[in-house]
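Good morning, everyone, and thank you for making time for this. I would like to walk you through one chain, slowly, so please keep the picture in view while I talk.

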Amino acid sequence: YAAPKPPPPGVDVTGVGLSEPLRLRADTQPTQVSAVIDQVNFLARTGAATGPKAADLGPKYTVVVLAGDKPKQTYDLYPKAVGGPRIYRPAKQPDARKTQAGWFLGRLSMSETLRTAGVPLEREYDTVSGGVGGGERVIPEDSLNPAKDIDRALGDLQRLLLLNVAVVLIITSGLAGIALLIRRRTR
């Protein structure tokens with residue numbers, strides 16, 4: 001007989017700006033469900049013990065991953081955190097499995113993924129521009145002047161080369177000194 005078919009996955013999202021949970025199911029919205037699950041399915045077993053300060057986290061969205069109607073995992077996503085998106089995995093999980101609490105760096109596409117799934121977030125152009133057909137320029141035009149810093153770059157390169165020559169000379173003189181000491185002792 002065939003093994004029982006696993007229940008379809010789903011995701012519930014709660015958080016800032018959502019008056020009721022956003023319920024995404026694989027049978028009706030497979031793209032959104034897999035995109036949200038993809039934001040948390042790469043996490044390692046252990047994360048950082050401490051995360052950013054609470055003031056630097058921004059709005060929190062709790063994602064509960066479901067197998068059918070049963071909650072399996074829960075994560076707190078902070079797409080607008082200072083320094084990039086963050087994920088917090090609590091030690092207490094709905095399916096009672098053993099795991100360690102931890103903080104993780106999230107994917108840069110987290111905010112846009114949640115927005116596309118229905119979370120009320122502002123659109124972020126820096127994570128969606130480019131690709132086939134272009135997009136909007138994210139880098140300001142004045143920062144694309146290659147001749148602006150060429151003198152500084154050449155000066156840095158000259159200092160680096162002089163430093164390399166000095167290191168080679170020090171190593172060579174050290175080896176010569178060691179060779180002299182060994183030669184004197186073996187006579």
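Before I point to anything, let me say what I mean by a helix, since I will place a residue just after one: helices here are DSSP runs of H or I with at least four residues, and they are numbered from the N terminus. Please also keep in mind that this is a predicted model.

With that in hand, look at the end of helix α2, where G118, the residue just after it, takes a positive phi of about 125°.

Let me step back to the whole chain, which has 3 helices and 6 strands, and which, read along the sequence, follows the pattern β-β-α-β-β-β-β-α-α. Of its 187 residues, 26% count as buried, and if we take the contacts with a separation of 6 or more, 46% of them join residues 24 or more positions apart.

Now back to α2: is this helix mostly covered or mostly open? It is mostly covered, with 6 of its 8 residues buried, and those buried residues are M110, S111, E112, T113, L114 and A117. What covers them includes the strands β2, β3, β4 and β5, together with helix α1.

That last neighbour deserves a closer look. Two packed helices are described by the angle between their axes and the distance between the axes. For α1, residues 30-38, and α2, residues 110-117, the axes come within 10 Å and cross at roughly 150°. Angles over 145 degrees count as roughly antiparallel, and so α1 is roughly antiparallel to α2. Their crossing is left-handed, and the contact is made by Q32, A35 and V36 on the α1 side and by T113, T116 and A117 on the α2 side. Sorted by class, that contact has 3 nonpolar residues, 3 polar ones and no charged ones.

My final stop is the aromatic rings, where a search of the whole structure finds 2 aromatic pairs. One of these is formed by Y88 and W103, which are tilted, at 4.9 Å centre to centre and with 45° between the planes. Because Y88 lies in strand β5 and W103 in strand β6, the pair ties together parts that are 15 residues apart in sequence. W103 counts as buried, at 15% relative accessibility, whereas Y88 is partly exposed, with a relative accessible area of 23%. Ring pairs link Y78, Y88 and W103 into a cluster, and with that I will stop and take questions.

Terms used. Residues are numbered from 1 along each chain as its sequence is written. This is a predicted model: local features need pLDDT of at least 70, side-chain atom pairs count only at pLDDT 80 or more; totals for chains, interfaces and linings use all residues. Side-chain values use heavy atoms; hydrogens and water are left out. Axes are lines fitted to C-alpha atoms, for helices over the stretch in contact, and angles run from 0 to 180 degrees between N-to-C directions. Helices (H or I, at least four residues) and strands (E, at least two) are DSSP runs, numbered from the N terminus. Angles under 35 degrees count as roughly parallel, over 145 as roughly antiparallel, 65 to 115 as roughly perpendicular and the rest as oblique. A crossing is left-handed if the near helix is turned anticlockwise from the far one by less than a right angle, and right-handed if clockwise. Contact means heavy atoms within 4.5 Å. Ala, Val, Leu, Ile, Met, Phe, Trp, Tyr, Cys and Pro count as nonpolar, Asp, Glu, Lys and Arg as charged, and the others, Gly among them, as polar. Rings of Phe, Tyr and Trp (its six-membered ring) pair if their centres lie within 6.5 Å; planes under 30 degrees apart count as stacked, over 60 as edge-to-face and the rest as tilted. Buried means under 20% relative accessible area, exposed over 50%, partly exposed in between (1.4 Å probe, protein chains only).
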